[in-house]
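Work through the exercises below with the sequence and the structure at hand. Try each task before reading its solution.

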Amino acid sequence: MSDIGRAVAFYEGKLGLRALQSGPSANIADGGRVYGAGGVPALNVYQSVTAGKSPATLATWYVDDIDQIVDELVSSGV
């Protein structure tokens, strides 16, 4: 992620995830977040100068009702 502020706005504001912890990333004092799923750490988001340069980035969530989730995301502006 090249801009942790935008990432926080997306993951917390749009997706409604709550950070389990936040901390430094490289030289950025508050540049990283760990988000949970199912009560356990599941997603680590951090600011990086190499963000967007790797084709290997992937995030996966398992859900019971994909149509409901899509509707909720669309209504949140995702």
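**Exercise 1. Surface and burial**

Task: State how much accessible surface the protein chain has and what share of it belongs to carbon and sulfur atoms.

Solution. The model is a predicted one. Its protein chain has an accessible surface of about 5,800 Å². Carbon and sulfur atoms hold 53% of that surface. For the interior, take the buried residues: of the 78 residues in the protein chain, 19% are buried.

**Exercise 2. Order of the elements**

Task: Give the number of helices and strands, then their order along the protein chain.

Solution. Step one is the count: the protein chain has two helices and three strands. Step two is the order: reading from the N terminus, the elements follow the pattern α-β-β-β-α. Step three looks at contacts across the sequence. Among contacts in the protein chain with a separation of 6 or more, 38% are between residues 24 or more positions apart.

**Exercise 3. The salt bridges**

Task: Find the partners of R33 in salt bridges, and say which elements the bridge between R33 and E12 ties together.

Solution. Start with the cut-off: a side-chain nitrogen of Lys or Arg must lie within 4 Å of a carboxyl oxygen of Asp or Glu. The side chains of R33 and E12 satisfy this, with 3.6 Å from N to O. R33 belongs to strand β2 (residues 28-37) and E12 to helix α1 (residues 4-14), so this bridge ties together parts 21 residues apart in sequence. R33 also forms a salt bridge with D30, at 3.3 Å from N to O. The shared partners join E12, D30 and R33 into one network. The count of salt bridges is two.

**Exercise 4. Burial within the network**

Task: Classify R33, E12 and D30 as buried, partly exposed or exposed.

Solution. The cut-offs are under 20% relative accessible area for buried and over 50% for exposed, with partly exposed in between. R33 has 12%, so R33 is buried. E12 has 29% and is therefore partly exposed. D30, at 39%, is also partly exposed.

**Exercise 5. A nonpolar patch**

Task: Which residues make the nonpolar surface patch, and is I66 buried or exposed?

Solution. The patch is made by V63, I66, V70 and V74. Its area is about 330 Å². One of these residues, I66, lies in helix α2 (residues 66-75). The relative accessible area of I66 is 52%. Exposed means over 50%, so I66 is exposed.

Key
Residues numbered from 1 in each chain as written. Predicted model: local features only at pLDDT ≥ 70, side-chain atom pairs only at ≥ 80, totals over all residues. Heavy atoms only, no water. Helix = DSSP H or I, 4+ residues; strand = E, 2+ residues; numbered from the N terminus. Buried < 20%, exposed > 50% of the residue type's maximum accessible area, 1.4 Å probe, protein only. Contact = heavy atoms within 4.5 Å. Areas by Shrake-Rupley, 256 points an atom, 1.4 Å probe, with all protein chains shown as cover. Patch = residues over 30% accessible without salt bridge, like charges linked within 9 Å, V, L, I, M, F, W, Y side chains within 5 Å.
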